[in-house]
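Visitor: Please take me through one part of this model up close. I would like to look at the salt bridges and how they connect, and then step back to the surface and the whole chain.

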Amino acid sequence: MITPYMNKTTQIDATRWLALGSLGGLIVLGLAWEMWLAPIRPGGSLLALKVLPLCIPLAGLLRNRMYTYRWLSLMVWLYFTEGAVRAWSDKPPGNYLAMIEVALCLLLFTACALHVRIRLKNAKTHASPEPEAQTP
């Protein structure tokens, strides 16, 4: 749990691991869902390819790149939308898997947003103050 009393470095690490864990969870869920748990067709479907775009930000998250956290927090809404639609339209167990997808998307968005916010706030506190302008 991230609290305001935690060290900034600890908060950054916590949000980083939360983002990596929820992204990994989305990848595993997407593959298992479309291949074994509740595929559209028996034996799996090509809808499992939907996890490929989720594999792209893994490298950026592992390298702790700020830009990756920013665009991933926008991309995750595509998966949230898919999960929300399928939670209403699929039959069990597909609708339950869609609800898990929605929860993982919300977790990933929150982790990315907090990570960016904490790092930007941390950068402002460590920035050197600009020298005073000298008046003639």
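Guide: Start with a cut-off. Buried means under 20% relative accessible area. Glu34 has a relative accessible area of 0%, so Glu34 is buried. Keep in mind that this is a predicted model.

Now look at the partners of Glu34. One of them is Lys50. Lys50 and Glu34 form a salt bridge, and their closest N and O atoms are 3.2 Å apart. This pair links distant parts of the chain. Glu34 sits in helix α1, while Lys50 sits in the loop between α1 and α2 (52-62). The two residues are 16 apart in sequence. Lys50 is buried as well, because its relative accessible area is 14%.

Arg86 is another partner. The side chains of Arg86 and Glu34 meet in a salt bridge at 2.7 Å, N to O. Arg86 belongs to helix α3 (residues 66-89) and Glu34 to helix α1, so this pair ties together parts that are 52 residues apart in sequence. With a relative accessible area of 9%, Arg86 is buried too.

Next, go back to Lys50. Lys50 also forms a salt bridge with Glu82, and here the closest N and O atoms are 2.8 Å apart. Glu82 lies in helix α3 and Lys50 in the loop between α1 and α2, so the pair ties together parts that are 32 residues apart in sequence. Now put the pieces together. Glu34, Lys50, Glu82, Arg86 and Asp90 are joined into one network by salt bridges that share partners. The structure holds five salt bridges.

Move to the surface. Helix α1, home of Glu34, covers residues 8-37 and also holds Trp36. Trp36 counts as exposed because its relative accessibility is 65%. Glu34, by contrast, is buried at 0%. Trp36 joins Leu31, Met35 and Leu37 in a nonpolar surface patch of about 420 Å².

Lys8 is in helix α1 too. At 32% relative accessibility, Lys8 counts as partly exposed. Lys8 gathers with Arg117, Lys121 and Lys124 in a surface patch of positive charge. Helix α4 (residues 94-126) gives the most to this patch, with three residues.

Now step back to the whole chain. The protein chain has four helices and zero strands. Its pattern along the sequence is α-α-α-α. The chain has 136 residues, and 38% of them count as buried. Glu34, at 0% relative accessible area, is one buried residue. The accessible surface comes to about 8800 Å². Carbon and sulfur atoms account for 67% of that surface.

Contacts tell of the fold as well. Take those between residues at least 6 apart in sequence: 69% of them join residues at least 24 apart. The bridge from Glu34 to Arg86 spans 52 residues in sequence, and the one from Glu82 to Lys50 spans 32.

To trace the network in the viewer, begin at Glu34 in helix α1. Follow one salt bridge to Arg86 and another to Lys50. From Lys50, go on to Glu82. Asp90 belongs to the same network.

Definitions and conventions. Residues are numbered from 1 along each chain as its sequence is written. This is a predicted model: local features need pLDDT of at least 70, side-chain atom pairs count only at pLDDT 80 or more; totals for chains, interfaces and linings use all residues. Side-chain values use heavy atoms; hydrogens and water are left out. Patches are made of residues with over 30% relative accessible area and no salt bridge: like charges are joined within 9 Å, nonpolar side chains (Val, Leu, Ile, Met, Phe, Trp, Tyr) within 5 Å. Accessible areas come from the Shrake-Rupley method with a 1.4 Å probe; for residues, only the protein chains shown count as cover. A salt bridge is a side-chain nitrogen of Lys or Arg within 4 Å of a carboxyl oxygen of Asp or Glu. Buried means under 20% relative accessible area, exposed over 50%, partly exposed in between (1.4 Å probe, protein chains only). Lys and Arg count as positive and Asp and Glu as negative; His and the chain ends are not counted. The place of a charge is taken as NZ of Lys, CZ of Arg, CG of Asp or CD of Glu. Contact means heavy atoms within 4.5 Å.
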